[in-house]
Amino acid sequence: MADVRQAAMQKEYLSAQKDFDKGKYHDVLTVLNKLIDVNKDPRHYALLGATLVKLKMKGEAAQAFQLAGEQASPHRIKYLREAMRLHFSNNDDISLLRVGGRVLQDAIADPEMAILMAGALTRQEMSGVEAFRKTLAASTNPEHRRFAVRSVKIAQRTPEENQLIIDVFKDNPEDKLIRTAYLTIQRDVNDYAEIEKYEPIVREEIARGNYESVLEEISLYNIRWCDDEKINAIAGAGRGKPVPDAWRAKRRNKPHRWSDKIRLGYISADLWTDHAVMKAFRGVLEAHDRSKFEITLFCNATDTNLKDHNSAYREAWGNIVRIRGKSDEEVAELIKAANIDVLIDLQGHTADTRVSVMNHLTAPVHATWLGYPGTVVNTDIDYLICDRTVVPETSSPNYYEKLCWMPETFFPNDAIHRPLPKPVPRRVCGIPDDAFIFSCFHSNWKYTKQTVDLWIRILNQTPESYLFLICRDQLGARANVRKAFLDAGISGDRILFGSRVADYAAYLDRIALTDLGLDTYPYNGHTTTSEKLWCGVPMLTYKGKNFASRVSESLLNAVGLPEMVCETTDDYVARAVHFYNHHQELKEIRGRLEENRFTHPLFDSERFCRHLETAYGMMVDRAKAGIAPDHFDVPALPPRTAPFKTAE
């Protein structure tokens, strides 16, 4: 009797399969519903899942394949893999991860399951992706290998992750996207031999109009080596989608309730006192006129940074809304609930950014400023706050945003919370007592081969000088920088390396011990240039071709030292050599710099804040009048007639 029943069910199942092949999907469902009531055969659930897919019922189909995979079957992993694939395409990452978690060892070993698990974890910003990287790196599918490489957070990579990128590239040297990641980590550790080997290939591709690798490159890493604004503008464009003009118009035309005060929302992960952005921004933030502005900080900082690297009572800065761990949609709702008039992104394409929140119709005015020296691709932003030095009018076609030109500099500085350097013996910092010391305190990834070659020329013409550099002693960076000088015949004894120090006052004391700062190209110093000037150390830069390479020029102009901006690289070398040979002239410039510190705009945070508030008011006035954003200049206040602060 059982055999007869089994034969009958098999016949009905085969009939259902024929109906499936003929596209009679509802007839299939009718048969399967009866079969499943009496026999939970995994084949029945699998056919049900396939049928539901045809009927565009992905969620239900995923559940059916999941049920098929829960039964004993030689095809169990195949069914679960299909359930995971459907959950992924349906954006149901949690269900996917639950399925994969039940067969975790299989998911780790199976490239198709591994990519789904890793993709879901990434989309949910959850940890655990590293468990699947080796499988994906060894996969025959190029997309899997690319994901393995792209999933590594470059700035926080471990030695094992660094090696994984190297190994994948060696096995796939023709893959442009993997090559981009490989070049990024080599620039990060100053491996000039590898950079010189592969970067010319990229530049040649760009010259031919082949932008494949650039379109997938993280924007921040592109501006570290490329000074072409047209290329900077498309870098990273392939990692998302452009924002349609209709979407921007929809946001701007949404009904909005204005009030007497302008409600500002700053969004950033860097809202803690030890971060470079806050060292610049804090004085401005605290100077906001609370009778005219309401301030809300949408804070994406980690608990560790707030606990271990913040010394301020942050509630004095404004209303704090923690957004760490929340989705873009959840953050957008918080912004709308605060009825923000002007939402200001402080990060652009930098670590832990939440700039994508701006693609969710959050406020009538969107602006970006300070944390990222360039245009922000694939993002709904109205204004870039800049100045006419870093972004001249001729550059505007390469920016997605309209330009808000600040009158003196786009970069704020804080003279209130930043201590003045104290005299300390040079020997305390390992610096020769009577020598001429060139210095650069920028991050070592800014030490491009172009920059190092200029420094070699300077050292060759200044035989008794030394060069003091901040450089990480990890992943070979310091050894690579030293080798570049040794290969050029510069004694290793003349290159003095230092590390970052936790004590900010001691860090400034060390800067002040050096004689002349040397800027980097194409990514200039920002906070580090400001710190040199604050410490009374003159800084040499030369004119750049994009935002990141013009920042020091803007800062030097704002502190009254335009003569420290060189027109060419040859001029940069000649000026450095000149000051080495004319100590008294450099001493006079240093004295003028120390006088200008409290009279010129660079460190005048209150003056900067008034200009910034004027900018926000002009943006709001246009929005209230229903006028589309456009480029505009912020008018300057009258020059100060007395110092805004005195040395303490």
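Below are some worked exercises on this predicted model.

**Exercise 1. Get the overall picture: how many helices and strands does the chain have, and what box do its C-alpha atoms fill?**

Solution.
- Start with the secondary structure count: 28 helices and 14 strands.
- Next, line the chain up on its principal axes, and the C-alpha atoms fill a box of roughly 110 × 65 × 45 Å.
- Then check burial: 56% of the 648 residues come out as buried.
- Finally, look at contacts between residues at least 6 apart in sequence, where 67% join residues at least 24 apart.

**Exercise 2. Work out the strand order of the eight-stranded sheet, and say which strands stand at its edges.**

Solution.
- Walk across the sheet and you read E3-E2-E1-E4-E5-E6-E7-E14; the sheet is open and the pairing is parallel.
- Now pick out the strands with a single partner: those are E3 (319–322) and E14 (632–633), so each has one side left without a neighbour in the sheet.
- Zoom in on E1 (residues 262–268) and E2, a parallel pair joined by seven bridges. One of the pairings puts arginine 263 opposite glutamate 294 in E2.
- E2 (residues 293–299) has six of its seven residues buried, so the rest of the structure largely encloses this strand.
- Move along to E5 (residues 365–368) and E6 (residues 383–387), which are parallel too and share two bridges. Here threonine 368 has leucine 384 of E6 as its bridge partner.

**Exercise 3. Take valine 342: is this residue buried or exposed, and what is it in contact with?**

Solution.
- Place the residue first: valine 342 belongs to strand E4 (residues 342–345).
- Its relative accessibility is 0%, and the cut-off for buried is under 20%, so valine 342 counts as buried.
- Skip the neighbours within four places in sequence, and the contacts of valine 342 are Ile262, Arg263, Leu264, Gly265, Val365, Tyr616 and Val620.
- For a far-off reference point, try methionine 113: that residue is 229 residues away along the chain, with 43 Å between the two C-alpha atoms.

**Exercise 4. Do the same edge-finding job on the six-stranded sheet, then find the helix that lies across E9 and E10.**

Solution.
- The order is E10-E9-E8-E11-E12-E13, again an open sheet with parallel pairing.
- Strands that pair on one side only are the edges, here E10 (495–498) and E13 (565–566).
- At the E13 end, E12 (residues 539–542) pairs with E13 in the parallel sense through two bridges. Tyrosine 542 has cysteine 566 in E13 as its bridge partner.
- At the other end, helix H22 (residues 477–487) lies across E9 (465–470) and E10, at about 165 degrees to E10.

**Exercise 5. Classify two helix pairs by crossing angle: H5 with H6, and H11 with H12.**

Solution, first pair.
- H5 (residues 76–89) and H6 (residues 93–102) pack at about 160 degrees, their axes 8 Å apart.
- Angles over 145 degrees count as roughly antiparallel, so that is the label for H5 and H6.
- The crossing of H5 and H6 is left-handed.
- On the H5 side the contact uses Leu80, Met84, His87 and Phe88, while H6 brings Asp93, Ser95, Leu96, Val99 and Gly100.
- Sort the residues of that contact and you get five nonpolar, three polar and one charged.

Solution, second pair.
- The axes of H11 (residues 159–171) and H12 (residues 176–188) come within 9 Å and cross at roughly 135 degrees.
- That angle makes H11 and H12 oblique to each other.
- The crossing of H11 and H12 is left-handed.
- From H11, Asn162, Ile165, Ile166, Val168 and Phe169 meet Ile178, Arg179, Ala181, Tyr182, Ile185 and Gln186 of H12.
- The tally for this contact is eight nonpolar, two polar and one charged.

**Exercise 6. Which accessibility class does aspartate 570 fall into?**

Solution.
- Locate the residue: aspartate 570 is in helix H26 (residues 569–581).
- Its relative accessibility is 48%, so aspartate 570 counts as partly exposed.
- To finish, check the distance to arginine 457: the two residues are 113 apart along the chain, and their C-alpha atoms are separated by 9.6 Å.

How values were computed:
Residues numbered from 1 in each chain as written. Predicted model: local features only at pLDDT ≥ 70, side-chain atom pairs only at ≥ 80, totals over all residues. Heavy atoms only, no water. Pairing = 2+ DSSP bridges. Helix = DSSP H or I, 4+ residues; strand = E, 2+ residues; numbered from the N terminus. Axes fitted to C-alpha atoms, helices over the stretch in contact; angles between N-to-C directions. Parallel < 35°, antiparallel > 145°, perpendicular 65-115°, else oblique. Left-handed = near helix turned anticlockwise from the far one by under 90°. Contact = heavy atoms within 4.5 Å. Nonpolar A, V, L, I, M, F, W, Y, C, P; charged D, E, K, R; others polar. Buried < 20%, exposed > 50% of the residue type's maximum accessible area, 1.4 Å probe, protein only.
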